[in-house]
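Good morning, colleagues. Please take a moment with the sequence and the structure on the screen before I begin.

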Amino acid sequence: MDEIIKLKRQIKNTLSAVSLALTSGAGVDNFESYKYMLGQINAYEAILQEISNLLEKKEQYEKHTGNVIDINDRQTKN
């Protein structure tokens, strides 16, 4: 799990660097490089979203692997 967190952090750092270069205009020489950098940003954001979705599913699975007692099936006498 630590490796996934490190990977996520590295992707966020790379995303920030590409975003900063794009917004400051430092790495944009022509329209093709602009489109390339925009594609990188979209790809990094999609990867981060998928990682978050996978981690969320794992967390939900881990929460529900214990013993479950259903108290709604019992009928109470009033």
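I start with the contact pattern: in the protein chain, among contacts with a separation of 6 or more, 56% are accounted for by residues 24 or more positions apart. Please keep in mind throughout that this is a predicted model.

How many helices and strands does the protein chain have? There are two helices and zero strands. The chain has 78 residues, and 14% of these count as buried. Its exposed area is about 6,800 Å², of which carbon and sulfur atoms supply 52%.

Let me turn to helix α1, which covers residues 2-24. The helix has 23 residues, and at 1.5 Å a residue the expected span is 33 Å; the C-alpha atoms at its ends are 33 Å apart, so expectation and model agree. The arithmetic uses one less than the number of residues, because that is how the expected span is defined.

Which residues of α1 are buried? They are K8, I11, L15, V18 and L22. I5 also has its place in α1, but I5 has a relative accessible area of 35% and is therefore partly exposed, since that class lies between the 20% and 50% cut-offs. Together with M1 and I4, I5 makes a nonpolar surface patch of about 240 Å².

Next, the connection between the helices. After α1 comes G25, with a positive phi near 80 degrees. G27 lies in the loop between α1 and α2. With a relative accessibility of 32%, G27 counts as partly exposed. Which residues does G27 touch, if those up to four places away in sequence are not counted? The answer is A21, S33 and M37. As for M37, which is 10 residues from G27 along the chain, the C-alpha atoms of the two are separated by 8.6 Å.

S33 takes us into helix α2, residues 31-63. Is S33 buried or exposed? S33 counts as buried, because its relative accessibility is 17% and the cut-off for buried is under 20%. The side chain of S33 reaches the backbone oxygen of N30 at a distance of 2.9 Å. Setting aside neighbours within four places in sequence, S33 is in contact with G27 and V28.

Further along, Y44 also has its place in helix α2. What does Y44 contact, leaving aside neighbours within four places in sequence? Its contacts are I11, T14, L15 and V18. Of these, I11, L15 and V18 were named earlier as buried residues of α1. For the pair Y44 and L15, the separation is 29 residues in sequence, and 6.2 Å in space from C-alpha to C-alpha.

Finally, S52 is found in helix α2 as well. S52 counts as partly exposed, given its relative accessibility of 26%. Where K8 is concerned, S52 lies 44 residues away along the chain, with the two C-alpha atoms separated by 8.9 Å. K8 is itself one of the buried residues of α1.

To bring these points together: Y44 of α2 is in contact with residues including L15, and L15 is buried in α1. At the loop, G27 touches S33, which is found in α2. That concludes my presentation, and I welcome your discussion.

Key
Residues are numbered from 1 along each chain as its sequence is written. This is a predicted model: local features need pLDDT of at least 70, side-chain atom pairs count only at pLDDT 80 or more; totals for chains, interfaces and linings use all residues. Side-chain values use heavy atoms; hydrogens and water are left out. Helices (H or I, at least four residues) and strands (E, at least two) are DSSP runs, numbered from the N terminus. Buried means under 20% relative accessible area, exposed over 50%, partly exposed in between (1.4 Å probe, protein chains only). Patches are made of residues with over 30% relative accessible area and no salt bridge: like charges are joined within 9 Å, nonpolar side chains (Val, Leu, Ile, Met, Phe, Trp, Tyr) within 5 Å. Accessible areas come from the Shrake-Rupley method with a 1.4 Å probe; for residues, only the protein chains shown count as cover. A salt bridge is a side-chain nitrogen of Lys or Arg within 4 Å of a carboxyl oxygen of Asp or Glu. A polar contact is a pair of N or O atoms within 3.5 Å; within protein, one must be able to donate a hydrogen and the other to accept it, and residues adjacent in sequence count only if both atoms are side-chain atoms. Contact means heavy atoms within 4.5 Å.
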